[in-house]
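Me: I am new to this structure. Can you take me through it in short steps?

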Amino acid sequence: MRGAILLRICLGLSAWLSTSYVKAEDPYRFFTWVITYGQIAPLGVEQRGILINGQFPGPTISCITNDNIIVDVINKLDEPFLITWHGIKQRKSSWEDGVLGTNCPIPPNSNWTYKMQMKDQIGTYNYYPSTLMHRAAGGFGGFNIVARSVIPIPYPKPYDEFTLLVSDWWNKDNKVLQKILDDGKPFPPPDGLLINGSPKSTKFTGIKGQTYLIRVSNLCLVSSINFRIQGHTLVLVEVEGSHTMQDSYESLDVHPGQSSTFLVTLRPSILKDYYIVASSRFTKPLLTATAILHYDGSTTQPAGPLPSAPAGQFHWSMRQARTVRWNLTANAARPNPQGSYHYGTIPIVRKIVLANSAPQISGKKRYALNGVSYVNPSTPLKLADYFNISGVFVLDAIKDFPTSAPAAQGVSVFGITLHDYMEVVFQNNENNLQSYHLAGFDFWAVGYGGGQWNITMRKLYNLVDATTRNTVQVYPNGWTAILTSMDNKGMWNLRSQIWPRRYLGQEAYMRVWNSERSLYTEYDIPDNALLCGKAKA
């Protein structure tokens, strides 16, 4: 009798655990995207663009922390194609990152399905093509992750939200732009700026007195922007998945690859429309795109003049960047306060200093990091590593510090031990701004400065409330320092977000690894993984 009772208890407990497990599985969201060419004319010139399900820009993905996102990408272009998910960490799964170091490209007239979980993330992100110069033709869109209902946000819930994608644009086909780079010729400046695919006709409708969440992503290939809204204050609340101190700005610089999120409250007593403005920074001539903030019920069109761009240049922008600080008491995707992670007290295990350069190699312009101009091998690095294929890359062929050796083409892969705490310094000895993205991670942007970095510059670091982000700017003839915990096993792309520079070699990869093969540290190769190069043989 006692045995029968115990059996019933065990069976009941087993059934309860099984039910709990099923109920605990995070939701799935499914998308099917058909990638095609189509005629568009963002600046009034008919040209070929890359559309997703007939849309330019592509659809915005909106989801919740820990959701599973399944995107079946059907490539109807005439070239292999990949999409990368900018800022999505792909925890334990660099297989889904969508760059040529991790994935074989999707051949024409075929498909591949990305399977991603938004593990422990909130914030404003985006996606775009990573192959060739496809980005210059479109194929980009927004990607927003909101917190779970059980996780409080550090501000009153907004009435609604708007996603703004700012991009620079050329009245030239992407293949023409690509040939310019292949021929070693100077890349032309953009012909204009767009907000959600238009230089001046995008409209966002709001109700007077209500507060809105404004998500802004800089999807430009080369242009930093300054963002502002006529007659309204921007309250910064989040950058790239981190809640910030809620400081007010008249305008904010957003550099290539970066995202910022603001609260904007519409005026309670005035019923009229206003201009939303994005203008290029550090350029002549100044490029400007406008959209309209339309007050519901308004019949009064926005009137000029447009709010002025900042008069200050690089030093002004650097000083502004230092004002963006981490909200230590707020949580992000998890309930614990962001400030409970004391990043400034952790011993540095590995230090890398990366210097960009613009060498001539074999008579053509290239771009390099520490003297190595990256060239994609025919076999993705991740596949070569997984299948132990020789002859694809050599770990640490790129050095941790700049060298005086002549620049050369190569395959740059840093060997990093899982959980190493790293300091990376970006040294910019050129006269133009740089912007870098590290896939798979957040990092603390702890310092910006001018001249040559040396160890004494650490006294300038913000080791208390620097915000985390995934993309950081480096000012001309200056340096930027970041700290990061390499806690995501895989093969991760570190790249210039100035896209012509990335196309011509200003990138590298970080192989984050330990000897344990376990699903606790990294997922297995996907069942649907495409094979190419030596992995296909």
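Reply: One term comes first: two strands pair if DSSP finds at least two bridges between them. Note too that this is a predicted model.

Me: Which residue in E4 stands opposite isoleucine 35?
Reply: Strand E1 covers residues 28-40 and strand E4 covers residues 68-75. The two run parallel and are joined by eight bridges. Opposite isoleucine 35 stands asparagine 75.

Me: In what order do the four strands of that open sheet lie?
Reply: The pairing in this sheet is mixed. Strand E2 (47-52) and strand E6 (110-117) each have a single partner strand, so one side of each is left without a neighbour in the sheet. Neighbouring strands are turned by 20° against each other on average, direction ignored. The order is E2-E1-E4-E6.

Me: How far from aspartate 72 is the nearest side chain of opposite charge?
Reply: Aspartate 72 is found in strand E4. Its contacts, not counting residues up to four places away in sequence, include Trp33 and Trp112. A salt bridge needs a nitrogen and an oxygen within 4 Å. Aspartate 72 is buried and has no salt bridge, with lysine 115 as the nearest side chain of opposite charge, at 9.5 Å.

Me: Which strands are the edge strands of the open sheet E3-E8-E7-E5?
Reply: This sheet has four strands and mixed pairing. Strand E8 (residues 141-146) pairs with E3 in the parallel sense over four bridges. An edge strand here pairs on one side only, and that holds for strand E3 (61-64) and E5.

Me: Is cysteine 63 buried or exposed?
Reply: Cysteine 63 stands opposite isoleucine 145 in E8. Buried means under 20% relative accessible area. Cysteine 63 has 2%, so this residue is buried.

Me: Which cysteine does the disulfide join to cysteine 104?
Reply: The count comes to one disulfide. Its two sulfur atoms lie 2.1 Å apart. The pair links distant parts of the chain, 428 residues apart: cysteine 104 is in the loop between strand E5 (83-86) and E6, and its partner is in the segment after strand E35 (507-513). That partner is cysteine 532.

Me: Is this disulfide of cysteine 104 and cysteine 532 left-handed or right-handed?
Reply: Both cysteines are buried. The torsion about their S-S bond is about -90°, so the disulfide is left-handed.

Me: With which residue does arginine 29 form a salt bridge?
Reply: The model has 20 salt bridges by count. In this one the closest N and O atoms are 2.5 Å apart. Arginine 29 sits in strand E1, and its partner lies 38 residues away in the loop between E3 and E4. The partner is aspartate 67.

Me: Is aspartate 67 buried or exposed?
Reply: Arginine 29 is partly exposed, with a relative accessible area of 29%. Aspartate 67 has 2%, which makes this residue buried.

Me: Which residues do salt bridges that share partners join into one network?
Reply: Lysine 175, in helix H2 (residues 174-182), meets aspartate 78, in the loop between E4 and E5. Their N to O distance is 2.8 Å. Lysine 175 also forms a salt bridge with glutamate 79, at 4.0 Å. The network therefore consists of Asp78, Glu79 and Lys175.

Definitions and conventions. Residues are numbered from 1 along each chain as its sequence is written. This is a predicted model: local features need pLDDT of at least 70, side-chain atom pairs count only at pLDDT 80 or more; totals for chains, interfaces and linings use all residues. Side-chain values use heavy atoms; hydrogens and water are left out. Axes are lines fitted to C-alpha atoms, for helices over the stretch in contact, and angles run from 0 to 180 degrees between N-to-C directions. A disulfide is a pair of cysteine sulfur atoms within 2.5 Å. Buried means under 20% relative accessible area, exposed over 50%, partly exposed in between (1.4 Å probe, protein chains only). Lys and Arg count as positive and Asp and Glu as negative; His and the chain ends are not counted. Contact means heavy atoms within 4.5 Å.
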